[in-house]
Structure formats: C-alpha cells, structure tokens
Amino acid sequence: MPFPFFGDDKSTIAQMLNTLPQVGRLEWIGLRPVRREPMLAVAEATAETDRHLHGDHARPKPGGKRQVTLIQHEHLAAVAGYLSLPEPVDPGRLRRNLAVSGLNLLALKNRRIRIGEEVVLEITGECHPCSRMEEELGPGGYNAMRGHGGLTARIVQGGLMRAGDIVRIEPTPPAEPGS
C-alpha cells in the first residue's frame, strides 16, 4: 500500500497522518527570472498547470516532480541559528519559490495542498540543499540547510496565488477498489 496509506482509515498511522493542522499561510513568493541571478520577491504569481510559475526561468517537463519548490517558513530562523545569524534567513537566499508557514510541509509528502482559491500542488519529495548554499550563506551553509531544504511539488491545478493566501490540505482521495 503506498505511503501514506491512502484509504486505510483504520490504521494508527493513517489516523495520525490526518491530524495535521489543516490551515497554513503563503508567506513569500519568489521567482528566478534568470539562472544564477538573485530571486525576485513578488506579491503574486501565476502557476501554470503541470508546468512552472510564470516568470520563473525553470522549464520542468510536464509531469515533472520539481515544478515548484517550497520551504518551511519556520525553518528560516533555524537555518539562521545554525549559522549564528541575528535574523531569520531571507527566503530568496535559499532559492525556493514559496515559503509556507503553519503547516509541517514534511508531513505532507504525497499529499495535495490548495493555495488560495485556485492553485493545487502535489508534494512530490524533498528538495535537498546544494553547493550553492555555501556560496549564498557562507561556510556551513550546506550543513545548516540539511533537513531544512524544503520540498518539491507538481502543479496539479494552476491559477493565481498571492502572498498571504491561505494554504489548506486537500482531502485524500478515496482508495480505488482492489488497491
């Protein structure tokens, strides 16, 4: 049975997986208009179904698992703490598209979230840090990001999203008979 045990409402783990706080907030949106250039913080962005964020240089293939990247907003302070920085790290320095607060993103792997009224993302996996974190954050940046690199997602339903939008967990689809 695939994790997280879709349709198995009787198991203890399935029950625990469904006790997540159900509402978060989109704190920040960032686009990379040009490769290796600074991120551009924007108030709103358009997600293109099964593609990418409009205005971002990334051109993932349709069906790709890394169409959008997310970072846990609460982890910005943790990363700064590991580097002895006085303030939380600016999300643009971490090269992720979206910063979300109020939901434990790691607990949402293989689940769907809705941002605002239109956008639906399917969380597809972890977004591990790369060597650019040493360049961006200085010595120790890579290790400070380990376990805090965020997640990747596929755009299931496109549309407009705005900083400040509510982020909700979509209901888990019922298991198909015989699966």
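Select Cys127 to start: this residue is buried, at 2% relative accessibility. Next select Cys130, which is in no disulfide; its nearest cysteine sulfur, that of Cys127, is 8.1 Å away. A disulfide would need the two sulfur atoms within 2.5 Å. Cys130 counts as partly exposed because its relative accessibility is 36%, and partly exposed covers the range between under 20% and over 50%. Over the whole structure, a search finds zero disulfides.

**Step back to the whole chain**

Show the full cartoon. This is a predicted model, with an average pLDDT of 89. Of its residues, 87% score at least 70. The protein has four helices and ten strands. Trace the chain along the sequence and the elements come in the pattern α-β-β-β-β-α-β-β-β-α-α-β-β-β.

Switch on the surface. The accessible surface of the protein comes to about 9,500 Å², and carbon and sulfur atoms hold 52% of that area. Buried residues make up 44% of the 179 residues. Among contacts with a separation of 6 or more, 74% are between residues 24 or more positions apart.

Now colour by confidence and select residues 1–6. Here pLDDT stays under 50, although the model has 16 contacts beyond four places in sequence for this stretch. Where pLDDT is low, the predicted coordinates should not be read in detail.

**Arg96**

Select Arg96, in the loop between α2 (75–82) and β5 (98–101). Is Arg96 buried or exposed? Arg96 counts as buried, because its relative accessibility is 5% and the limit for buried is under 20%.

Show the side chain and look for backbone oxygens around it. The backbone oxygen of Gly149 lies 2.6 Å from a polar atom of the Arg96 side chain. A second backbone oxygen, that of Leu94, lies 3.0 Å from a polar atom of this side chain.

Then display what surrounds Arg96. Leaving aside neighbours within four places in sequence, its contacts include Trp28, Gly30 and Met39. Thr69, Leu70 and Ile71 are also among them, as are Pro91, His128, Pro129 and Met145. Cys127, the starting point of this tour, is another residue in contact with Arg96. For a distance to draw, pick the C-alpha atoms of Arg96 and Arg32: they are separated by 9.1 Å, with these positions 64 residues apart along the chain counted as their spacing.

**Leu105**

Move to Leu105, in the loop between β5 and β6 (112–115). At 2% relative accessibility, Leu105 is buried. Not counting residues up to four places away in sequence, Leu105 touches Leu70, Ile71, Gln72, Val100 and Leu151. Leu70 and Ile71 were also listed for Arg96. Draw a line from the C-alpha atom of Leu105 to that of Ile123, 18 residues apart along the chain, and the separation is 8.4 Å.

**Gln67**

Select Gln67, in the loop between β3 and β4. Gln67 is buried, with a relative accessible area of 3%. What does the side chain of Gln67 reach at 2.7 Å? That partner is the backbone nitrogen of Ile155. The Gln67 side chain also makes a polar contact of 2.9 Å with the side chain of Asp50.

Expand the selection around Gln67, again without residues up to four places away in sequence. Gln67 touches Asp50, Arg51 and His52, among others. Pro60, Lys61 and Pro62 also belong to the list, and so do Ala153, Arg154 and Ile155.

**His52**

From Gln67, go to His52, one of the residues Gln67 touches. His52 lies in the loop between β3 (44–47) and β4 (68–72). His52 is buried, with a relative accessible area of 5%.

Which side chain is joined to that of His52 by a polar contact of 3.1 Å? Select Arg59 to see the partner. The side chain of His52 also reaches the backbone oxygen of Asp56, at 3.4 Å.

To finish, display the contacts of His52, leaving aside neighbours within four places in sequence. They include Thr46, Ala47, Ala58 and Pro60. Arg59 appears here as well, together with Gln67 and Ile155. Ile155 is thus a stop shared with the previous view, as Gln67 touches Ile155 too.

Notes. Residues numbered from 1 in each chain as written. Predicted model: local features only at pLDDT ≥ 70, side-chain atom pairs only at ≥ 80, totals over all residues. Heavy atoms only, no water. Helix = DSSP H or I, 4+ residues; strand = E, 2+ residues; numbered from the N terminus. Buried < 20%, exposed > 50% of the residue type's maximum accessible area, 1.4 Å probe, protein only. Contact = heavy atoms within 4.5 Å. Polar contact = N/O pair within 3.5 Å; in protein donor to acceptor, adjacent residues only side chain to side chain. Areas by Shrake-Rupley, 256 points an atom, 1.4 Å probe, with all protein chains shown as cover. pLDDT = per-residue confidence, 0-100.
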